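Biologist: I'm new to this one, so please take me slowly through a single part of it. I'd like a close look at the ligand and what surrounds it, with a bit of background to find my way.

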Amino acid sequence: MINYLNENEEVVEIQHPELSSFLNVDDRSTDNPLLLLRPILHLFVAAAWGGAAIRNVEGRTYMANISILGLGAMGQALTARFLSQGHTVTVWNRTPGKAASLLAKGAREVKSAADATAASDVTVMCVLDYAASDSVIDDAASALSGRSLVNLTNGTPAQARATAERIAKLGAAYLDGGIMATPPMIGGEHALILYSGSKAAFDAHARTLEALGAANYLGGDAGLASLHDLALLSGMYGLFAGFFHATALVDSEGIGAGAFLKLLGPWMTAMMGELPGYAEKIDSGRHGVNVVSNLGMQAASLDNILTATREQGVATDLLDPMLDLFRKRVGGGFGDEDISGVFELIRRKSGKGG
Ligand code: FVH
């Protein structure tokens with residue numbers, strides 16, 4: 001008998017007297033060279049056993065059957081990472097010919113999304129957008145029943161929820177995901193992937209999915225991963241916008257971006273320290289307490305920034321909307337309050353948030 005652990009840490013027993021006498025040998029000091037093959041044999045036995053994710057109790061082998069739909073830059077990175085972890089990966093892409101380097105690493109390519117889906121308990125899809133993922137689901141629909149689909153395609157919460165409903169009707173479990181990483185970051189320490197949707201599917205496959213990056217499950221509403229993904233990206237684009245505007249301003253006098261970043265980087269990092277205070281004011285709705293730098297003063301500063309920007313011949317497009325909001329809030333009688341009050345102008349006026 002050979003013992004393996006499935007993804008729920010349950011022991012799976014495989015009855016095979018000849019193999020088990022060899023694979024379960026404990027004496028590692030033996031000089032039998034065949035023992036070097038033991039990890040590979042474990043992989044072989046796991047595969048032959050029937051496809052569920054299993055790993056050797058000794059912790060030296062770990063194996064899942066995973067299918068990947070979509071071999072763009074991200075799909076290729078996901079596949080390469082799963083392969084590097086010893087998993088069995090079946091791949092499909094709309095346009096053939098993108099799997100060459102993955103086939104060399106052990107991936108198996110099939111001709112249809114349905115064939116790929118049928119090959120594994122869990123299928124990870126990562127294509128351009130939801131129009132693309134809808135059409136891939138059309139093709140895979142016949143094979144989805146009883147399986148799990150993890151959709152890492154970027155989209156909106158509404159698209160994720162609609163897809164969750166559709167997949168439920170097809171009899172499959174659905175996890176939506178948002179990848180907070182670029183392809184080269186996959187599997188690295190800074191890669192984060194947000195998930196929401198079927199808790200059962202997350203619990204069953206979290207161990208496998210963790211190979212890609214930290215796996216953060218946000219709840220049963222399939223739209224939550226997308227909501228958080230887009231919100232995090234919004235923060236990123238706001239940061240980039242500040243960087244671009246600031247750099248264009250000094251660039252107008254011939255100062256290079258790299259040189260300026262030495263000043264801007266630490267300044268932005270220092271200003272990050274203001275965010276917990278703003279978050280507290282937003283959550284409490286009390287923008288008038290503990291005000292150090294009031295909005296009226298900040299509106300005058302931003303006005304100066306935009307005047308100087310025009311004088312330097314630089315475009316004001318990125319910051320114009322911010323000054324409009326500052327002025328509107330000051331005009332509403334909130335000039336003595338904190339800058340966090342601007343949030344009240346953009347938040348949803350009714351429903352969950354407002
Ligand atoms: N790359 C990145 O930095 C970001 C990081 C965060 C997450 N995003 C999202 O990941 C999705 C895929 O992005 P990608 O980088 O892999 O994108 P591409 O390299 O352009 O590959 C696109 C794949 O989508 C397939 N595809 C497009 N349209 C269809 C369709 N109608 N039916 C089936 N597949 C389709 C395309 O196939 P092909 O053109 O090779 O036939 C590629 O496999 C995306 O949501 C990012 O926002 C990446």
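**Around the ligand**

Modeller: Let's begin with the chain as a whole: among its contacts with a separation of 6 or more, 57% join residues that are 24 or more positions apart. Keep in mind that what you're looking at is a predicted model. The chain has 14 helices and 12 strands, and of its 354 residues, 38% are buried. Its accessible surface is about 18400 Å², and carbon and sulfur atoms account for 59% of that.

Now for your ligand. It sits in the second largest pocket. Around it you'll find 20 residues, with Asn93, Arg94, Thr95, Lys98 and Leu128 as the closest. Two helices, α3 (73-84) and α6 (130-144), each bring at least two residues to this shell. The biggest giver is α6, which supplies three.

Zoom in on the polar atoms next. Alanine 73 has a polar backbone atom 2.9 Å from an oxygen atom of the ligand. Methionine 74 also has a polar backbone atom 2.9 Å from a ligand oxygen. With asparagine 93 it's the side chain that matters: one of its N or O atoms is 2.7 Å from an oxygen of the ligand. As for the cover, the ligand has 900 Å² of accessible area on its own, and the protein covers 73% of it.

Asparagine 93 deserves a longer stop. You can find it in the loop that runs between strand β6 (88-92) and helix α4 (100-104). Is this residue buried or exposed? Its relative accessible area is 12%, so asparagine 93 counts as buried, the cut-off being under 20%. Its side chain has protein partners as well: it reaches the backbone nitrogen of leucine 71 at 2.7 Å, and it reaches the backbone oxygen of threonine 95 at 2.9 Å. Setting aside neighbours within four places in sequence, asparagine 93 is in contact with Gly70, Leu71, Gly72 and Lys98. You've met Lys98 already, as one of the closest residues to the ligand.

To get a feel for the rest of the chain, here are two other spots. One is leucine 149, which is part of strand β9 (residues 148-151). With just 2% relative accessibility, it counts as buried. What does leucine 149 contact, leaving aside its neighbours within four places in sequence? The list is Thr123, Met125, Ile137, Leu144, Ile167, Ala173, Tyr174 and Leu175. Take alanine 173 from that list: it is 24 residues from leucine 149 in sequence, but C-alpha to C-alpha the two are 6.2 Å apart in space. That pair fits the long-range kind I opened with, where residues are 24 or more positions apart.

The other spot is asparagine 290, in the loop between α11 (275-284) and α12 (295-311). Its relative accessible area is 69%, so this asparagine is exposed, the cut-off being over 50%. Its backbone is worth a look too: asparagine 290 has a positive phi of about 50°, though it isn't a glycine. Most residues other than glycine have a negative phi.

So if you turn the model yourself, start from asparagine 93: it is buried, and its side chain has an N or O atom 2.7 Å from a ligand oxygen. Then move on to the backbone of alanine 73 and the backbone of methionine 74, and finish with helix α6, which gives the most to the shell.

Methods
Residues numbered from 1 in each chain as written. Predicted model: local features only at pLDDT ≥ 70, side-chain atom pairs only at ≥ 80, totals over all residues. Heavy atoms only, no water. Helix = DSSP H or I, 4+ residues; strand = E, 2+ residues; numbered from the N terminus. Buried < 20%, exposed > 50% of the residue type's maximum accessible area, 1.4 Å probe, protein only. Contact = heavy atoms within 4.5 Å. Near = heavy atom within 4 Å. Polar contact = N/O pair within 3.5 Å; in protein donor to acceptor, adjacent residues only side chain to side chain. Areas by Shrake-Rupley, 256 points an atom, 1.4 Å probe, with all protein chains shown as cover. 1 Å grid on protein atoms, 1.4 Å probe; cavity = no way out; pocket = protein on both sides within 12 Å on 5 of 7 lines; lining within 4 Å. Sits in = over half its atoms within 2 Å of the grid points.
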